[in-house]
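Here's a quick briefing to read with the model open beside you. Keep the sequence handy too, and follow along topic by topic.

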Amino acid sequence: MEQKIQEINNLDELAALYASVFGKNGTMTARLKEMKNLDPDARAALNTENTILRDAFKTRQTELETAALTAQLAAQRVDVTLPCAYEMRGALHPLTQSLSEISAILESFGYALKTGPEIEDDWHNFTALNTPAHHPARDMQDTFFLENGNVMRTQTSAIQIRSMQEDGVPIKIFGIGATYRKEMDATHSPMFHQIEGLYIDRDITMRDLIADVREFLARFFEIDNVELRIRPSYFPFTEPSMEIDIKWHGDKWLEIMGAGMVHPNVLRNCGIDPDVYQGFAFGFGWDRLAMLKYGLDDIRKFYDGDVRWIRNNGF
Ligand code: PHE
């Protein structure tokens, strides 16, 4: 019998054999019932046989259960060293990253972020900015005209006008957004982005303008002693007007932005009395600032959606 138990290889068969020995009608059960008729030696022998058999079943059961568990673990084994399919981690586009840096700096100076429509009417994009029809300065920007006479916004300066009309003065804002001009090469894209600061109050001067621009550039480019070069220039909506250059890597001047004191006509066009209020505006290409900061050489790449380019440039 013990031999037979040892040879069984699955738990169901073992259970069936056990039932045939120890079950209600089992052979051992029957013999135990007759034990009272046996002499003491035969009783002791039967008891021993009974114990040995039970132990043999128990041992075999444990062996089979252990074997089953081992087989199950082997079947469910996971090879954690296998290469797996994985998703690449996303990142913010360089323009988005630079915008959050720029916004954080300007907001810390007290400028509030503003946006406006990309399709503008002629008045907000030009006329209110002291650039009436036939003004020669309209040719400074190669404009996309729509059939109904509206334009694709050529400059975020249009946001100045809307903000002054809506919020009145004093006002301290920066407008951000896409701007459009008919031009295309490595440093020009027909759609690009501008950011424009505007600060009007009772006694704002050019000193305030230069201080804010200097501090802004110092923080954005992380340069301790920013050297600026202020060149006289012309914009119809500022007087005086200037272009601001930055000393780059200690050896060359780079043009960074246009700026100036807001022209009295612009203030008047927005219902503001230029004898009481004055202030400044400055505007720059946000793409260009991002290109300089991150060392990129082709503005068009911002809009290609080529993930390899973005990754190769460390974003
Ligand atoms: N709007 C000007 C441009 O697009 C930049 C500018 C903004 C200049 C504000 C002066 C003041 O060239």
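Of the 14 residues around the ligand, which come nearest? The answer is Gln 155, Ser 157, Arg 181, Gln 194 and Glu 196. Bear in mind as you read that this is a predicted model. The chain is assigned two domains, domain 1 (2-75) and domain 2 (94-312), and their C-alpha centres are 93 Å apart.

**Around the ligand**

- Gln 155 puts a polar side-chain atom 2.9 Å from a nitrogen atom of the ligand.
- Ser 157 does likewise, with a polar side-chain atom 3.0 Å from a ligand nitrogen.
- Arg 181 has an oxygen atom of the ligand as its partner, 2.8 Å from a polar side-chain atom.
- On its own the ligand has 330 Å² of accessible area, and the protein covers 91% of that.

**Helix H7**

- Ser 157 turns up again here, as one of the buried residues of helix H7 (residues 157-167).
- The others on the buried list are Ala 158, Ile 159, Gln 160, Ile 161, Ser 163 and Met 164.
- Look just past the end of H7 and you'll find Gly 168, which takes a positive phi of about 70°.

**The sheet**

- Seven strands make up an open sheet with mixed pairing, and the order across it is S1-S4-S5-S9-S8-S7-S6.
- Strands S1 (112-114) and S6 (228-235) are at the edges with a single partner strand each, so one side of each has no neighbour in the sheet.
- From one strand to the next, the twist averages 25°.

**Strand S8 and its partners**

- Is strand S8 (residues 252-262) mostly covered or mostly uncovered? Mostly covered: eight of its eleven residues are buried.
- On one side, S8 pairs with strand S7 (residues 238-248) in the antiparallel sense, over nine bridges.
- One bridge to look for in this pairing joins Trp 248 to Lys 252, with Lys 252 in S8.
- The hairpin of S7 and S8 has three residues between the strands, and His 249 in that hairpin takes a positive phi near 50°.
- S8 also pairs with strand S9 (residues 278-285), again in the antiparallel sense, this time over five bridges.
- Across that pairing, Gly 258 stands opposite Gly 283 in S9.
- As a reminder when you look at side chains here, those in a regular strand alternate between the two faces of the sheet.

**Two buried loop residues**

- Thr 131 is in the loop between helix H6 (122-125) and strand S3 (151-152).
- Why does Thr 131 count as buried? Its relative accessible area is 3%, and the cut-off for buried is under 20%.
- The side chain of Thr 131 also reaches the backbone oxygen of Leu 129, at 3.0 Å.
- Ile 8 is in another loop, the one between helix H1 (2-7) and helix H2 (11-22).
- With a relative accessible area of 8%, Ile 8 is buried as well.
- Ile 8 and Leu 64 are 56 residues apart in sequence, and their C-alpha atoms are 9.0 Å apart in space.

Methods:
Residues numbered from 1 in each chain as written. Predicted model: local features only at pLDDT ≥ 70, side-chain atom pairs only at ≥ 80, totals over all residues. Heavy atoms only, no water. Domains from an automatic or database assignment. Buried < 20%, exposed > 50% of the residue type's maximum accessible area, 1.4 Å probe, protein only. Helix = DSSP H or I, 4+ residues; strand = E, 2+ residues; numbered from the N terminus. Pairing = 2+ DSSP bridges. Near = heavy atom within 4 Å. Polar contact = N/O pair within 3.5 Å; in protein donor to acceptor, adjacent residues only side chain to side chain. Areas by Shrake-Rupley, 256 points an atom, 1.4 Å probe, with all protein chains shown as cover. Axes fitted to C-alpha atoms, helices over the stretch in contact; angles between N-to-C directions.
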